[in-house]
Amino acid sequence: MTGFTINGTDLLKSKALNGSANGDANGRSNNYIAEECPNGATSSTSNANNANNNNNSQQIYVDEAEVENRMKMVINEENYSYELIKEIADYFLERTSIRPVIGIICGSGLNSLADHITDIQAFDYKDIPNFPVSTVEGHVGRMIFGYLEGMPVVAMQGRFHYYEGYPLAKCSMPVRVLKLVGIKYLFATNAAGGLNPKYKVGDIMIVRDHINIMGFAGNSPLQGPNDPRFGPRFPPMTNAYDRHLVRKARKVVREMGIENDVHEGVYTCLGGPNYETVAELKMLRIMGVDAVGMSTVHEVITARHCDLTVFAFSLITNKCATDYDSSEEDANHEEVVMVGKSRQSICGELMCRMIRDLAQDIQQKNGKK
Ligand SMILES: O=P(O)(O)O[C@H]1O[C@H](CO)[C@@H](O)[C@H]1O
Ligand SMILES: Nc1nc2[nH]cnc2c(=O)[nH]1
């Protein structure tokens, strides 16, 4: 329970005195008074010393047990332990005999990528213990196990975004689940705004690299204690997007005859949910960004940390306006989802051909052993 005193008047005194389950008879011993300092900082002192404090400063009563509970919540939210992630992985392993080699994350409007999977076994996120739920339109919220081009795969129809209120570590926690389920490759897809002036709506950008803008501000999915069972404290990111898979994508795109509509470029993730201002987009372009989204980067960092091989592509769902007189329509999620749906067959074909090619490589490698 928290209480507030303003100018010496205890606004929640009755609650503080009567309602504290953990406090003493006066409901006070486990409480702290946080005093608002003149410079706006907050200092905490045991309320035993302050019970009679009647000065004009603002005071905030904070219940110790409540603080502890909230700290636990924060720690648990942001740092899913290895054991908890293993429990989620085991939930799947106990319910399906499929042992996927590739994990696929379907971007906004790209749920249909999973339609190519056969012999499916599907799990709704809401039924998976300790799993978050999808709250964004265009993200179904289902984990699908099955076979694609003969390869055992698992696809996430729906991902988690920072703007939904999930910390980055929780947004990318499913990648660790998939790692413990056994995948070796992560194929991430997303919808993104095209910042490179050459990109058209409906084009595809093979992600060559990313700029982790949220990381510039110290926000990382790997923040907090490192568990070496997942990976090292300081993982490198120079080969974040596997160069062999990028080369393979180039070949596949040529075979499909779509090379004029496909590019290689740099993706960045902003926190969202708002789209960018013109000034922000100009700055991102100067930095070398080709496509802007609100996902993928933290998933890829988490994937590389646990040594998964990553391939990613963005579907360009809108063109980013970099001048104030631009005739581009304002970015909006309806358009994003609609373009996703209208380009589902080309995106699906790219994904299937990549996986077919990769399956051949794996078979060849295994044959050589
Ligand atoms: O990255 P995905 O999930 O594909 O979706 C992108 O599209 C949505 C905005 O329209 C945001 O969620 C952004 O991240
Ligand atoms: N941040 C961002 N995310 C998107 N997702 C789809 N389009 C966009 C965009 O223009 N900006």
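How far is an oxygen atom of ligand 1 from an N or O atom in the side chain of His161? The two atoms are 2.7 Å apart, and the report below starts from there.

## About the model

This is a predicted model, in which local features need pLDDT of at least 70 and side-chain atom pairs count only at pLDDT 80 or more, while totals for chains, interfaces and linings use all residues. Residues are numbered from 1 along each chain as its sequence is written, chains are lettered from A and ligands numbered from 1 in the order in which they are written, and side-chain values use heavy atoms, with hydrogens and water left out.

## The chain as a whole

Let us begin with the overall picture. The chain holds eleven helices and 14 strands; helices (H or I, at least four residues) and strands (E, at least two) are DSSP runs, numbered from the N terminus. Of its 369 residues, 49% count as buried. Here buried means under 20% relative accessible area, exposed means over 50%, and partly exposed is in between, using a 1.4 Å probe and protein chains only.

Contacts, meaning heavy atoms within 4.5 Å, often link distant parts of the sequence. Among contacts with a separation of 6 or more, 78% are between residues 24 or more positions apart. The chain exposes about 17,600 Å², and carbon and sulfur atoms supply 50% of that; such areas come from the Shrake-Rupley method with a 1.4 Å probe, and for residues only the protein chains shown count as cover.

## Around ligand 1

Of the 13 residues around ligand 1, those that come nearest are His161, Tyr163, Tyr275, Ser295 and His333. A residue is near a molecule or strand if one of its heavy atoms lies within 4 Å of it. Besides the pair with His161, an oxygen atom of ligand 1 lies 3.1 Å from a polar side-chain atom of Arg159, and an oxygen atom of the ligand is 3.1 Å from a polar backbone atom of Met294. Taken alone, ligand 1 exposes 340 Å², of which the protein buries 96%. The elements giving two or more residues to its shell are β10 and α10 (333–342).

By class, this shell has five nonpolar, seven polar and one charged residues. Ala, Val, Leu, Ile, Met, Phe, Trp, Tyr, Cys and Pro count as nonpolar, Asp, Glu, Lys and Arg as charged, and the others, Gly among them, as polar.

His333 deserves a second look. His333 lies in helix α10, and its side chain reaches the backbone oxygen of Glu137 at 2.8 Å. That is a polar contact: a pair of N or O atoms within 3.5 Å, where within protein one must be able to donate a hydrogen and the other to accept it, and residues adjacent in sequence count only if both atoms are side-chain atoms. Not counting residues up to four places away in sequence, His333 touches Ser108, Val136, Glu137 and Tyr275.

## Around ligand 2

The residues around ligand 2 include Ala191, Ala192, Tyr275, Glu276, Met294 and Cys320. A nitrogen atom of ligand 2 is 2.7 Å from an N or O atom in the side chain of Asn318. Polar backbone atoms take part too: one of Gly193 is 3.3 Å from a nitrogen atom of the ligand, and one of Gly293 is 3.4 Å from a nitrogen atom of the ligand. On its own, ligand 2 has 280 Å² of accessible area, and the protein covers 95% of it.

Three elements, β10 (185–194), β13 (291–293) and β14 (309–319), give two or more residues to this shell, and β10 gives the most, with three. The shell has seven nonpolar, four polar and one charged residues.

## Two helices

Helix α3 (residues 82–93) has twelve residues and, at 1.5 Å a residue, should span 16 Å; its end C-alpha atoms are 16 Å apart, which agrees. The expected span is 1.5 Å times one less than the number of residues. The buried residues of α3 are Tyr82, Ile85, Ile88, Ala89, Tyr91 and Phe92, and they pack against β7 (118–124), β8 (142–148) and α5 (173–181).

Helix α11 (residues 344–368) has 25 residues and an expected span of 36 Å, and its end C-alpha atoms are 36 Å apart, in agreement. Its buried residues include Ile346, Leu350, Met354 and Ile362.

## Two residues to compare

Val297 sits in helix α9 (residues 297–305) and counts as buried because its relative accessible area is 2%. Leaving aside neighbours within four places in sequence, Val297 is in contact with residues including His210, Asn212 and Tyr267.

Thr277 is placed in the loop between β12 (262–269) and α8 (278–287). With a relative accessible area of 39%, Thr277 is partly exposed.
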